[in-house]
Structures are given as structure tokens and as C-alpha cells.
Amino acid sequence: MKLMLSARQWWWLALAAFCWPLLILGVDIANANLGPDPVKAVHIRLGDWSLRLLCLTLTVTPLQTLTQWRGMADFRQLFGLLTWFYASLHVWVYLGVDQGWQWPLIAADMAESRYIWFGLLSYLILLLLALTSSVFAMRLLGRNWKRLHRYIYLAAPVAVLHYIWQLKGNLAVPAVYGLIVGGLLLFRVASWLQGRPKLGQFWPRWAGGRLIQPAKPR
Ligand code: HEM
């Protein structure tokens, strides 16, 4: 029996695996199994999953660099879209279920809770990246597509700050997320510094430079 899965099959498996938490959440809602504050519990689960998926999306490029496997790009798009999907449900629960679409209430909450602003900034970045994630958008934006999609490196720490600032108790879990996001950002900075052309490469030969083509930025 052939046990090796094709890249496409892995893709479907990953999609099913990350839709699973939503199914479990639906079952818990249907069975009223969410504890004394069900809205808060839904908020927390959706928020936690969007942050986990955001971290997973950030691990794809380092893994690609380490393994040199180009097929990872499809997974980056999948995880990115799932991040946006969970974050959208999280925002929708806040606006519709928590605040009942009462815009004066929402405005008052935003005025006194700075963590909402961080959530909003992170969400707007995720939305922009989701809207421009198609091959069509990639072709349309050309070189700017990569520049735009680097904003994921801003969305992640901002989401961690959103988490930290809404918390009233133990900071251990958000600190772990902070370490993961910080480590992944450091990896990106290190690989960017490695691929960056050296100063001497730009100098004319008479000034000691080698005049070789600078490495293409990754
Ligand atoms: C407009 C955007 C957003 C709004 C209005 C919002 C709102 C909230 C609220 C009200 C809570 C507190 C839940 C509670 O304890 O009752 C919360 C927690 C949280 N949010 Fe958001 N959020 C937004 C965007 C995001 C984004 C983009 C992410 C991640 C990518 C995220 C991740 C989280 C996490 C991880 C928590 C903490 C869950 C926990 O305590 O374990 N949020 N958010």
C-alpha cells in the first residue's frame, strides 16, 4: 500500500486539520459546553487559533529556507488565509455578538481599550494580505506584492501586544508567543542580512571593489 501523500493531499489534510477546531467549537456551542461566559470563551478560542495560525504562517519561509522545498509557498497561502478567516470570526463575534452592532458602544469600548486598536491594526493587515493573496493579485502588483506581504512581520507582534494588553493575569502564554514571533523575525532579519550585497561590491574596481552583481533580495 502506498503511504506517501502528494503535496496536494497534504494541503487538503492541513485544511481539514485546521478546520477541526472550528467544528469542535460548533459542537461545544450546540451542547452549551463553553462554561459560565460562552461569548468570552468563543472570543478566546477564535483569538487563540488566529494567533497560532499566524505563527504557523511565519514559520513557512524559514522552513523553506532550511529545506529548500519550494512547495511550501502553497502552505503559506493556506495558513495565511486560515489566519484571516479565524481572525474575521473573532472580530465578527466581538462586533455582532459581544457589542450587538451598537456602534456607539463599540466606539466607547475602543476609546478606553487600547488593546482593541492593536487588534484592529493587526486585522486590517491580515485583511489586506488575504485580499491580495491570489496569483492574479501577485501578477498585478509585481515587485510590490512582496513588499506588501512583508507587513505580516508587523501583524504578528501587534497581535501579541493585543493579547498582552487585554490580559489581566498571568503573562506566561503571551510571553511564549512573543518569544516565538521574536525568534521568527530574527531568523528573517538574519537571512536578509546574509543575502544583502556587501558594501565593497558597489565600489568601483580602482577603489578596491569587485563590481560583481549584488545578490537578488529574497
Ligand atoms: C478588530 C480586531 C479585533 C478585535 C475587536 C478583537 C477583540 C478581542 C477581544 C474583545 C478580546 C478579549 C476576549 C475576552 O477575554 O473577553 C480579544 C482577545 C484576543 N484576541 Fe483579539 N481582536 C481583534 C483582532 C485580533 C487578531 C487579528 C488576533 C490574532 C491574529 C487576535 C487575537 C486575540 C487573542 C490571542 C486574544 C486572547 C485570547 C486569550 O485570552 O487566550 N485578535 N480580542
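These notebook entries record what I looked up in the structure.

**Entry 1. Ground rules**

I note that this is a predicted model, in which local features need pLDDT of at least 70 and side-chain atom pairs count only at pLDDT 80 or more, while totals for chains, interfaces and linings use all residues. I number residues from 1 along each chain as its sequence is written.

**Entry 2. The whole protein**

I looked up the secondary structure and found nine helices and zero strands. Helices (H or I, at least four residues) and strands (E, at least two) are DSSP runs, numbered from the N terminus. The order of elements from the N terminus reads α-α-α-α-α-α-α-α-α.

I then turned to burial. A residue is buried if 20 or more other C-beta atoms lie within 10 Å of its own, exposed if 12 or fewer, and partly exposed in between, with C-beta atoms placed from the backbone. By this rule, 18% of the 218 residues count as buried.

Contacts came next; two residues are in contact if their C-beta atoms, placed from the backbone, lie within 7 Å. Of the contacts with a separation of 6 or more, 59% are between residues 24 or more positions apart.

**Entry 3. Helix H1**

I checked the length of H1, which covers residues 7-30. The expected span of a helix is 1.5 Å times one less than its number of residues. For the 24 residues of H1 this gives 34 Å, and the end C-alpha atoms are 35 Å apart, so the two values agree.

I found a bend of about 30° at Trp20, with a proline, Pro21, following within four residues. The bend at a residue is the angle between axes fitted to the seven residues ending there and the seven starting there.

How many of the 24 residues of H1 are buried? The count is zero, and H1 is hardly covered.

**Entry 4. Helix H3 and its packing**

I recorded 27 residues for H3, with 37 Å from the first C-alpha to the last, close to the 39 Å expected at 1.5 Å a residue. In contrast to H1, I found buried residues in H3, among them Phe75, Leu78, Phe79, Leu82, Trp84 and His90. The buried residues of H3 pack against H1, H2 and helix H5 (114-131).

I looked more closely at the pair H1 and H3 (residues 72-98), whose axes come within 11 Å and cross at roughly 20°. Axes are lines fitted to C-alpha atoms, for helices over the stretch in contact, and angles run from 0 to 180 degrees between N-to-C directions. Angles under 35 degrees count as roughly parallel, over 145 as roughly antiparallel, 65 to 115 as roughly perpendicular and the rest as oblique. H1 and H3 are therefore roughly parallel to each other. On the H1 side the contact is made by Trp11, Ala14, Leu15 and Phe18, and on the H3 side by Asp74, Phe75, Leu78 and Leu82.

I also noted Val91, which lies in H3. Val91 is partly exposed because 18 other C-beta atoms lie within 10 Å. Val91 and Tyr123 are 32 residues apart in sequence, yet their C-alpha atoms are 8.3 Å apart in space.

**Entry 5. Helices H2 and H8**

I found that H2 and helix H8 (residues 152-166) pack at an angle of about 150°, with axes 10 Å apart. That angle makes H2 roughly antiparallel to H8. H2 contributes Leu51, Leu54, Thr57 and Leu58 to the contact, and H8 contributes Ile152, Ala155, Ala156, Ala159 and Tyr163.

I looked up Asp48, which is found in H2. Asp48 counts as partly exposed because it has 16 C-beta neighbours inside 10 Å. The C-alpha atoms of Asp48 and Tyr163 are separated by 9.0 Å, although the two residues are 115 apart along the chain.

**Entry 6. Positive phi angles**

Where is Ala32 found? I located Ala32 in the loop between H1 and helix H2 (38-67). Its phi is positive, about 50°, although Ala32 is not a glycine. Ala32 counts as exposed, with 8 C-beta neighbours inside 10 Å.

I found another such case in Gln68, a residue other than glycine with a positive phi near 60°. Gln68 is in the loop between H2 and H3. Is Gln68 buried or exposed? Gln68 is exposed, as 8 other C-beta atoms lie within 10 Å.

Lastly, I noted Gly100 just after H3, which takes a positive phi of about 55°.
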